[in-house]
Amino acid sequence: QVQLVESGGGLVQAGGSLRLSCEVPGRTSISLVAMGWFRQAPGKGRESVAAISRTGRTTYYADSVKGRFTISRDNAKNTVYLQMNSLKPEDTAVYYCAGRLDGRVASIFRSVEEYNYWGQGTQVTVSS
């Protein structure tokens, strides 16, 4: 079992920045886990925002956040980050981190169905 604990959400004005963190506490090494960030706005489905491979060398971004968001990981700290800059009101959502234990070090995963473990979610609200 892999536990994921998110933090860093909040209220910010349009154009501002936030950094989300997703920690993997316990005995599981995050280096074994491919990670992703998803978000879900009210009345909408959960969508992929960014993903990162086990080594951090491969990343993916949704078109809507490309150039504004950066996913990174610090395996020594068992933590994955999502730096969000130039935030827009349409970025308002509950953000979830997700993990998948996988033997492939370079693979990334983009769909909800590919992930086995989920955090509890953290609210991000961007005011105009």
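1. Two strands pair if DSSP finds at least two bridges between them. By that rule, strand E9 and strand E10 (residues 117-118) pair over 2 bridges, in the antiparallel sense. Within this pairing, Trp118 in E10 is the bridge partner of Ala98. Please keep in mind that this is a predicted model.

2. E9 has other partners. E9 also pairs with strand E4, antiparallel, over 8 bridges. There, Phe38 stands opposite Tyr96 in E9. Strand E11 (residues 122-127) is joined to E9 by 3 bridges, and these two strands run antiparallel. Val94 faces Gln123 of E11, standing opposite that residue. As background, strands of a sheet pair through backbone hydrogen bonds.

3. Is E9 enclosed or open to the outside? E9 is largely enclosed by the rest of the structure, because 7 of its 9 residues are buried.

4. Now the open sheet. This sheet has 4 strands in the order E1-E3-E8-E7, with antiparallel pairing. Its edge strands are E1 (5-7) and E7, each of which pairs on one side only. On average, neighbouring strands here are turned by 15° against each other, direction ignored. Inside the sheet, strand E3 (residues 18-23) and strand E8 (residues 79-84) pair over 6 bridges, again antiparallel. Glu23 stands opposite Thr79 in E8.

5. Look next at Arg73. Arg73 sits in strand E7 (residues 69-74), which is an edge strand of the open sheet. Arg73 is buried, yet it has no salt bridge. Which side chain of opposite charge is nearest to Arg73? That is Asp74, 8.4 Å away. The cut-off for a salt bridge is 4 Å, so a pair at a distance beyond it does not count.

6. What does the side chain of Arg73 reach instead? One target is the backbone oxygen of Ile30, at 2.5 Å. Another is the side chain of Asn75, with a polar contact at 2.8 Å. Beyond its neighbours within four places in sequence, Arg73 is in contact with several residues, including Ile30, Ser31, Met35, Arg54 and Val80. Thr79 is also among these contacts, and Thr79 is the residue of E8 that stands opposite Glu23.

7. Salt bridges do occur elsewhere. The whole structure has 6 of them. One joins Asp91 and Arg39, with the closest N and O atoms 2.9 Å apart. This pair links distant parts of the chain, 52 residues apart. Asp91 lies in the loop between E8 and strand E9 (93-101), and Arg39 lies in strand E4 (residues 33-40).

8. Are Asp91 and Arg39 buried or exposed? Asp91 counts as buried because its relative accessibility is 0%. Arg39 has a relative accessibility of 6%, so Arg39 counts as buried too. The pair also belongs to a wider arrangement: Arg39, Glu47, Arg68 and Asp91 are linked in a network of salt bridges.

9. Asp102 deserves its own point. Asp102 forms a salt bridge with Arg100, where the closest N and O atoms are 2.8 Å apart. Asp102 forms another with Arg104, where the closest N and O atoms are 2.8 Å apart. At 9% relative accessibility, Asp102 is counted as buried. Arg104, at 45%, counts as partly exposed.

10. To recap for a first look: E9 pairs with E4, E11 and E10. Arg73 is buried without a salt bridge. Asp91 and Arg39 form one.

Technical notes:
Residues numbered from 1 in each chain as written. Predicted model: local features only at pLDDT ≥ 70, side-chain atom pairs only at ≥ 80, totals over all residues. Heavy atoms only, no water. Buried < 20%, exposed > 50% of the residue type's maximum accessible area, 1.4 Å probe, protein only. Lys, Arg positive; Asp, Glu negative; His and termini not counted. Polar contact = N/O pair within 3.5 Å; in protein donor to acceptor, adjacent residues only side chain to side chain. Contact = heavy atoms within 4.5 Å. Axes fitted to C-alpha atoms, helices over the stretch in contact; angles between N-to-C directions.
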